[in-house]
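This briefing walks through one chain, topic by topic. Keep the sequence and the structure side by side while reading.

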Amino acid sequence: MRTASFPALAALLALVYAPSAAAQSRDGALVADLGLHVVAVGYQRTLAPRLVLQASAGLYGPWTVNDNVLGNGGGDHDPPGDVIGAMVRARAFVFVLGDAPSGLWISPYAQLGLVTATVRGSAALGPAWAAGASVGYTFALGSRWLLGLGAGAQYHVAAPDGSASFPGFSRWSPTVDINVAWRF
C-alpha cells in the first residue's frame, strides 16, 4: 500500500467509526426479535454513526415448512413435520441514509441452532442454520423506543437426524423482521 493512501483510509475510518451525538447518548438497547421463524430476545449496540450490531437468542419454529404448526397436525406427511428448537443470531444493520439507530437499513445475518423432530417415530436432534439479508426501516418512538420493520430472503437448513431430508429441509425462504427495542 502506498503511503499517500493512508490519509484516505484514515478519513474513511473516521467517517464510519466516529461516534455521533445520538450514539453517545443511548448506544445500547434490549431487543425483542420477531420474525417468520424466530421469537427471540437480545441486545444491540450502536457502534458507529451508520452501524448497529445485534445478538439474540430464542425459539426457532420454522412454521413455513412444518406440517405440525403449534401441534395442529395436518399436512401431507405421516407423521407430520414437527421441527422446533433454539437459535442464536448475529446481525449487522447498516444505515444507508443517516445516523443509526433509526432510518433505512440493510441487514445481513447468520443464525445457528439446535432442533428436534420426530424421525421414523423417534425424537431426533440435530443442527440448524440460516443466513440471509433484509432491507427495512427503524422508526424512533420517542427517545427510548425503536420499531424496526423489514423483509428479505434467507437460506435455512434444519437437519434433526443429521440430514436435511424430511422432516428436515434445506431451502430458500422469505424473511420478515419485526424488532422492538428499548434504548438505555
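V180 is partly exposed, because its relative accessible area is 30%. The residue sits in strand β8. The model is a predicted one. D177, also found in strand β8, counts as buried at 2% relative accessibility.

**V180 and its surroundings**

- Leaving out residues up to four places away in sequence, V180 touches L30, V31 and A32.
- On the same count, V180 also touches W145, L146 and L147.
- D33 is 147 residues from V180 along the chain, yet their C-alpha atoms are separated by 6.8 Å.

**D177 and its partner R91**

- Why does D177 count as buried? Its relative accessibility is 2%, and buried means under 20%.
- The side chain of D177 makes a polar contact with the side chain of R91, at 3.2 Å.
- The two side chains also meet in a salt bridge, with 3.2 Å from N to O.
- This pair links distant parts of the chain: R91 belongs to strand β4 and D177 to strand β8, 86 residues apart.
- Both R91 and D177 are buried.
- Neighbours within four places in sequence aside, D177 is in contact with L34, R89, R91 and W105, among others.
- The contacts of D177 also include S134, G148, L149 and G150.

**Other salt bridges**

- How many salt bridges does the structure hold? There are four.
- Side chains of opposite charge can pair when their charged atoms come close.
- One of the salt bridges joins D27 and R45, whose closest N and O atoms are 3.0 Å apart.
- D27 lies in the loop between α2 (21-25) and β1 (28-35), and R45 in strand β2 (residues 38-48), so the pair ties together parts that are 18 residues apart in sequence.
- D27 is partly exposed, at 23% relative accessibility.
- R45 is partly exposed as well, at 34%.
- Another salt bridge is formed by D161 and R120, with 3.7 Å between the closest N and O atoms.
- This pair, too, links distant parts of the chain, 41 residues apart.
- D161 is in the loop between β7 and β8, while R120 is in the loop between β5 (103-119) and β6 (122-141).
- D161 counts as partly exposed at 28% relative accessibility.
- R120 is exposed, because its relative accessible area is 73% and the cut-off for exposed is over 50%.

**The largest cavity**

- A search of the whole structure turns up two cavities of 30 Å³ or more.
- The largest cavity holds about 90 Å³ of space.
- Its lining includes Q44, V52, Q54, F93, F95 and P101.
- T138, L146, G148, N179 and A181 also line the largest cavity.
- Which elements give two or more residues to this lining? They are β3 (51-60), β4 (84-95), β7 (145-158) and β8 (169-183).
- The lining residues of the largest cavity divide into six nonpolar, five polar and no charged.
- L146 is in this lining and is also touched by V180.
- G148 is in this lining and is also in contact with D177.

**The second largest cavity**

- The volume of the second largest cavity is about 60 Å³.
- Among its lining residues are G35, L36, H37, V38, Y60 and R89.
- Q111, Q154, H156, T175, V176 and D177 line this cavity too.
- Two or more residues of this lining come from each of β7 and β8.
- Which element gives the most to the lining of the second largest cavity? Strand β8 does, with three residues.
- This lining divides into four nonpolar, six polar and two charged residues.
- D177 thus appears twice in this briefing: in the lining of the second largest cavity and in the salt bridge with R91.
- R89, another residue of this lining, is in contact with D177.

**The chain as a whole**

- The chain has two helices and eight strands.
- Their order from the N terminus is α-α-β-β-β-β-β-β-β-β.
- Of the 184 residues of the chain, 38% count as buried.
- Among contacts between residues at least 6 apart in sequence, 58% join residues at least 24 apart.

Key
Residues are numbered from 1 along each chain as its sequence is written. This is a predicted model: local features need pLDDT of at least 70, side-chain atom pairs count only at pLDDT 80 or more; totals for chains, interfaces and linings use all residues. Side-chain values use heavy atoms; hydrogens and water are left out. On a 1 Å grid over the protein atoms alone, a cavity is a set of points where a 1.4 Å probe fits but cannot get out, and a pocket is an open set with protein on both sides within 12 Å along at least five of seven lines; lining residues have an atom within 4 Å of a point. Grid points are joined across faces, edges and corners, and a volume is the space filled by probe spheres set on the points. Helices (H or I, at least four residues) and strands (E, at least two) are DSSP runs, numbered from the N terminus. Ala, Val, Leu, Ile, Met, Phe, Trp, Tyr, Cys and Pro count as nonpolar, Asp, Glu, Lys and Arg as charged, and the others, Gly among them, as polar. Buried means under 20% relative accessible area, exposed over 50%, partly exposed in between (1.4 Å probe, protein chains only). A polar contact is a pair of N or O atoms within 3.5 Å; within protein, one must be able to donate a hydrogen and the other to accept it, and residues adjacent in sequence count only if both atoms are side-chain atoms. Contact means heavy atoms within 4.5 Å.
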